[in-house]
Amino acid sequence: MKKISAEELQQIVADHQTWLAFDRRRGRKADLSGTDLSGVELPEARLEMANLAGANLSGANLLLSDLSQADLTGADLSGADLSGADLLLVLLPGADLSGADLSVADLSGGNLAGARLAAALLPQADLSGVDFSGADLSGADFSGANLSGASLRNVNLSQARLHNADLSRADLYGAKLLLTALDGATLREANLSDVLIDGLTLEQIADEVSAQVRRTFQVIDMACSGREYLVREVSLPPHGIQAAMVLLGFFAAFLVEKQSLGGIVPRISLKGTKVTLTLRTSDSRIRDQIEELLRVYAQILRKQLLPEAFSNDGIAVQRLERILERAETFLEEDGRLLSGQKDADAGWLREQVGQALERQERGLEETPCVCSQPVAIPSSSGMQPVQGMIKRMIAQAGNVRAELAVLFQQLSEGAPEPEDIQRAEQSLAAIRRKAPDIFDTLIHALADAGKTPGGSVWGDVLPPMIHRLKQV
């Protein structure tokens with residue numbers, strides 16, 4: 001790989017700017033292909049149409065730079081700061097963007113086929129019409145990004161964050177959507193044929209979209225009869241649940257993607273305030289490997305080991321570091337929202353989850369064999385409008401936040417148990433005493449949800465509950 005001095009680089013950039021300013025009649029187009037530019041400082045640089053194919057730009061500062069129509073084929077941009085950069089119609093096939101910061105960047109119409117963007121940051125980025133086919137987007141943050149019309153065929157979006165992203169008309173054929181955050185995402189006219197999806201992710205998809213494509217899903221959620229499984233459970237207050245699911249979700253997605261651990265079927269479930277990780281396999285040797293990985297991961301969470309101890313794969317370690325940061329963010333946000341805590345203790349959460357992972361529990365699964373088949377999963381998705389309303393109420397109603405948080409968790413359940421129904425009813429009774437107006441709004445919304453045939457697994461439970469509450 002070519003090496004150049006800072007002075008040479010400065011001259012090449014200056015000549016390129018002259019080439020652009022004089023419509024290619026003066027100066028010279030920048031050719032930095034195959035050049036080692038790792039860690040270079042080029043904020044706000046004008047490098048549109050430059051040749052950077054195969055260049056090493058790892059850790060480079062390209063903040064607000066103009067790289068539109070540049071050729072970055074096969075370039076190493078891992079860990080680079082490209083936030084706010086103009087990447088319109090850029091060529092990035094085979095490029096490594098893992099861990100790069102592309103916040104608010106414009107990549108519209110670009111070619112990123114086969115690119116590596118694991119753990120990359122792309123919130124609010126314009127990715128409309130981008131070709132991501134075959135790319136590794138696992139653990140990447142696409143919150144609020146515009147992915148309309150993008151080609152996401154056969155991409156890996158496991159554990160990616162797509163909160164409020166626009167995926168309208170996107171082609172997700174064959175995409176891997178394991179433990180992917182899709183809440184608030186727009187999927188209008190998106191192609192979801194043959195996606196590999198887990199039950200938790202499926203729950204976040206709007207009913208009308210789910211109904212159209214459910215028959216083509218490959219749902220990873222259940223195991224075959226007679227398989228032994230490993231169980232880890234942790235009970236937490238409401239503000240710690242989402243953060244704990246992020247930490248457990250990373251481990252589950254890592255197992256699914258690790259080819260040497262084939263045959264693993266992970267499942268994360270939430271019942272009340274208890275989060276459960278279930279790992280099913282029929283191979284005793286693999287079980288022993290998983291037990292060891294659980295032990296190492298637990299010690300990392302408890303800060304007894306560094307993240308580097310988890311894997312020899314640098315990308316996996318990078319993703320883990322991002323996940324730890326993300327869990328801390330969730331804990332802080334939910335602490336303020338649900339419990340009124342200004343400074344939630346991330347160390348406490350990691351200790352609780354770590355201890356739970358170190359407790360060895362096993363069982364024997366006796367459910368029918370429906371692995372990797374399209375299945376009808378009992379759904380609480382009919383309650384999504386009510387849950388969305390409760391979320392908005394939590395942000396505004398300080399005096400009944402705790403009761404609303406418990407109610408939200410109960411309505412998230414699949415098939416409610418008697419204790420779930422009792423907790424929901426107790427929460428509503430407390431809301432009625434403290435905030436009658438909020439109670440009336442909730443009762444009307446719940447009554448409408450209960451009238452929808454097959455609209456919710458709570459459908460049979462709600463009418464008698466509402467009747468009891470109105471009688472008091």
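**Figure 1. Surroundings of S98 in the predicted model.** In this predicted model, S98 is in contact with S78, G79, R116, L117, A118, I315 and Q318, once its neighbours within four places in sequence are left aside. The residue itself belongs to the loop between α1 and β1, and with a relative accessibility of 1% it counts as buried, because the cut-off for a buried residue is a relative accessible area under 20%. One of these contact partners, I315, reappears in the view of the second largest pocket, where I315 is among the lining residues closest to the centre.

**Figure 2. A70 and the residues that it touches.** A70 is found in the loop that runs between α1 (6–21) and β1 (176–177), and its relative accessible area of 0% makes it a buried residue. When residues up to four places away in sequence are not counted, A70 touches L47, M49, A50, V90 and L91. For one of these partners, L91, the C-alpha atom is 6.3 Å from that of A70 in space, although the two residues are 21 apart in sequence.

**Figure 3. Positive phi angles at E44 and L89.** Most residues other than glycine have a negative phi. E44, which is not a glycine, nevertheless has a positive phi, near 60°, and L89, likewise a residue other than glycine, has a positive phi of about 55°. E44 is placed in the loop between α1 and β1, and L89 is also found in the loop between α1 and β1. As for accessibility, E44 is exposed, with a relative accessible area of 59%, whereas L89 counts as partly exposed at 46%.

**Figure 4. The second largest pocket and its lining.** The second largest pocket has a volume of about 260 Å³, and of the 16 residues that line it, E257, D313, I315, A316 and R319 are the closest to its centre. Two helices, α4 (238–257) and α6 (314–339), each supply at least two residues of this lining. By residue class, the lining of the second largest pocket divides into seven charged, five nonpolar and four polar residues.

**Figure 5. I286 in helix α5.** I286 lies in helix α5, which comprises residues 284–301, and it is buried, with a relative accessible area of 8%. I264 is 22 residues away from I286 along the chain, and the C-alpha atoms of the two residues are separated by 8.4 Å.

**Figure 6. The buried side of helix α12.** In helix α12, which spans residues 462–471, the buried residues shown are L462, M465, I466 and L469. These four cover an arc of only 95° around the axis, and they therefore lie on the same side of α12. An α-helix has 3.6 residues a turn, so residues three or four places apart point the same way.

**Figure 7. Overview of the whole protein, as context for the close-ups.** The protein contains twelve helices and seven strands, and 52% of its 472 residues are buried. Of the contacts between residues at least 6 apart in sequence, 41% join residues that are at least 24 apart. The protein exposes about 20,300 Å², and carbon and sulfur atoms supply 48% of that area.

Definitions and conventions: Residues are numbered from 1 along each chain as its sequence is written. This is a predicted model: local features need pLDDT of at least 70, side-chain atom pairs count only at pLDDT 80 or more; totals for chains, interfaces and linings use all residues. Side-chain values use heavy atoms; hydrogens and water are left out. Buried means under 20% relative accessible area, exposed over 50%, partly exposed in between (1.4 Å probe, protein chains only). Contact means heavy atoms within 4.5 Å. Accessible areas come from the Shrake-Rupley method with a 1.4 Å probe; for residues, only the protein chains shown count as cover. The arc is that of the directions from the helix axis to the C-beta atoms. On a 1 Å grid over the protein atoms alone, a cavity is a set of points where a 1.4 Å probe fits but cannot get out, and a pocket is an open set with protein on both sides within 12 Å along at least five of seven lines; lining residues have an atom within 4 Å of a point. Grid points are joined across faces, edges and corners, and a volume is the space filled by probe spheres set on the points. Ala, Val, Leu, Ile, Met, Phe, Trp, Tyr, Cys and Pro count as nonpolar, Asp, Glu, Lys and Arg as charged, and the others, Gly among them, as polar.
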